[in-house]
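Hi,

Here is the structure I promised to hand over. Have a look at it first, and then read on for what turned up.

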Amino acid sequence: MKHISILVPYDAVPAAVVDPRYLFTTVNQFLIMAGKEPAFDVQLVGLARQIPLNNNAFAVNTNALCSEVEKTDLVIIPAISGDMKTTIERNKELLPWIIKQYDNGAEITSLCLGAFLLASTGLLNGKECSTHWFLADEFREMFPEVALADGSIITEADRLYSSGGASSYWNVLLNMVEKYTGREMAIRISKFFALEIDRKSQSPFIMFNGQKKHEDEPIKKAQEFIEENLADKISIEDLATRFAIGRRHFIRRFKKATNNTPAEYIQRVKIEAAKKHLENTRKNINEVMYDVGYTDVKTFRTVFKKITGLSPIDYKHRYNRDGV
């Protein structure tokens with residue numbers, strides 16, 4: 001039997017505590033119904049017997065204190081909320097316990113923004129990690145030694161697992177069910193919870209807002225110029241000349257400030273505008289393509305699918321009820 005410790009940090013997202021408990025105990029129920037032994041011993045673990053959440057709107061009664069759990073097989077770190085630095089500080093006493101369990105052989109799985117807590121242990125340094133796309137830039141700023149896998153639903157590195165944004169944590173949980181009990185049970189659980197098994201990317205859900213929290217004013221103005229002229233063909237040479245910066249230096253500064261090369265940024269701004277057209281208008285694919293500055297259908301479709309994981313027509317089918 002695998003011992004699973006679901007952490008209950010202060011400022012945890014309640015659903016990210018309840019859902020893994022529900023999933024693993026459901027696996028146990030299915031096994032018992034089949035005349036088999038349960039696979040998991042599931043405990044809620046925290047720094048106190050009761051953890052208030054959502055400004056005391058909810059409270060979770062833990063099964064054990066961290067100090068009482070000497071060894072476990074799997075630690076699940078749920079999503080956390082609020083200001084990330086403040087929340088990490090509130091939960092700093094959890095970090096040595098997570099490190100200790102990992103050193104004792106446990107696997108560690110973070111759900112969504114729980115990656116901020118996992119990264120705070122230092123265990124992810126030099127490794128890949130997933131988290132919610134919305135706070136990707138903040139994550140990179142706080143943990144430059146961690147390689148953030150943009151768009152990924154699940155990442156795995158040396159017994160450390162992480163999931164992408166929001167409900168995509170169900171996929172990493174299904175992954176653990178398959179790892180511990182087999183494919184057949186994972187499929188059964190996916191059907192019970194009406195989940196899409198083997199989903200790999202959160203790309204269709206990402207909304208690109210640009211990265212303007214830096215202090216490089218010429219680069220910020222270049223970003224604004226790109227966004228205000230998305231229907232035009234904009235070259236890197238033109239941008240560098242416009243803002244009186246050498247081409248190579250401009251590319252380096254732009255990448256440092258935004259985490260994108262100028263070419264990547266131009267593509268992402270144009271595709272984000274195309275997504276909004278596809279979501280909210282009755283324009284066909286060619287009309288949208290021209291509106292955002294593309295003239296070649298094949299190139300537009302290739303770039304669109306690279307960024308969103310879907311073709312333009314599939315994206316329109318998914319998100320525009322009136323336009324289909």
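Keep in mind that this is a predicted model. A good place to start is the open sheet of 7 strands, which has mixed pairing and runs in the order β5-β2-β1-β6-β7-β11-β10. At its edges stand β5 (64–65) and β10 (154–157); each has a single partner strand, so one side of each is left without a neighbour in the sheet.

Further in, strand β7 (residues 107–110) pairs with strand β11 (residues 160–163) in the parallel sense, over 3 bridges. If you want a spot to zoom in on, Ser 110 sits opposite Ser 162 in β11. Helix α6 (residues 169–181) packs on this sheet, where it touches β1, β2, β6, β7, β10 and β11, and its direction makes about 145° with that of β11. Another helix to look for is α1 (residues 14–33), which lies across β1 (2–7), β2 (40–46) and β6 (74–77) and runs at about 160° to β2.

Back to α6, since it also meets a helix. Its axis and that of helix α7 (residues 183–192) come within 7 Å and cross at roughly 145°, and the crossing is right-handed. Which residues make the contact? From α6 they are Leu 174, Val 177, Glu 178 and Thr 181, while α7 brings Arg 183, Met 185, Ala 186, Ile 189 and Ser 190. Sorted by type, the residues of this contact come out as 5 nonpolar, 2 polar and 2 charged.

There is also a hairpin to look at, made by β3 and β4 with 4 residues between them. In the turn, Asn 54 has a positive phi of about 50°. Strand β3 (residues 50–53) and strand β4 (residues 58–61) pair in the antiparallel sense over 4 bridges, and Ile 51 has Val 60 in β4 as its bridge partner.

Last, the second largest pocket, which holds about 260 Å³ of space. It is lined by 13 residues, and the closest to its centre are Lys 233, Ile 234, Ile 266, Lys 270 and Tyr 294. Which helix gives the most to this lining? That is α11 (residues 262–280), with 4 residues. As for the make-up of the lining, 5 residues are nonpolar, 4 are polar and 4 are charged.

Cheers

Note on methods: Residues numbered from 1 in each chain as written. Predicted model: local features only at pLDDT ≥ 70, side-chain atom pairs only at ≥ 80, totals over all residues. Heavy atoms only, no water. 1 Å grid on protein atoms, 1.4 Å probe; cavity = no way out; pocket = protein on both sides within 12 Å on 5 of 7 lines; lining within 4 Å. Points joined across faces, edges and corners; volume = space filled by probe spheres on them. Helix = DSSP H or I, 4+ residues; strand = E, 2+ residues; numbered from the N terminus. Nonpolar A, V, L, I, M, F, W, Y, C, P; charged D, E, K, R; others polar. Pairing = 2+ DSSP bridges. Contact = heavy atoms within 4.5 Å. Axes fitted to C-alpha atoms, helices over the stretch in contact; angles between N-to-C directions. Left-handed = near helix turned anticlockwise from the far one by under 90°.
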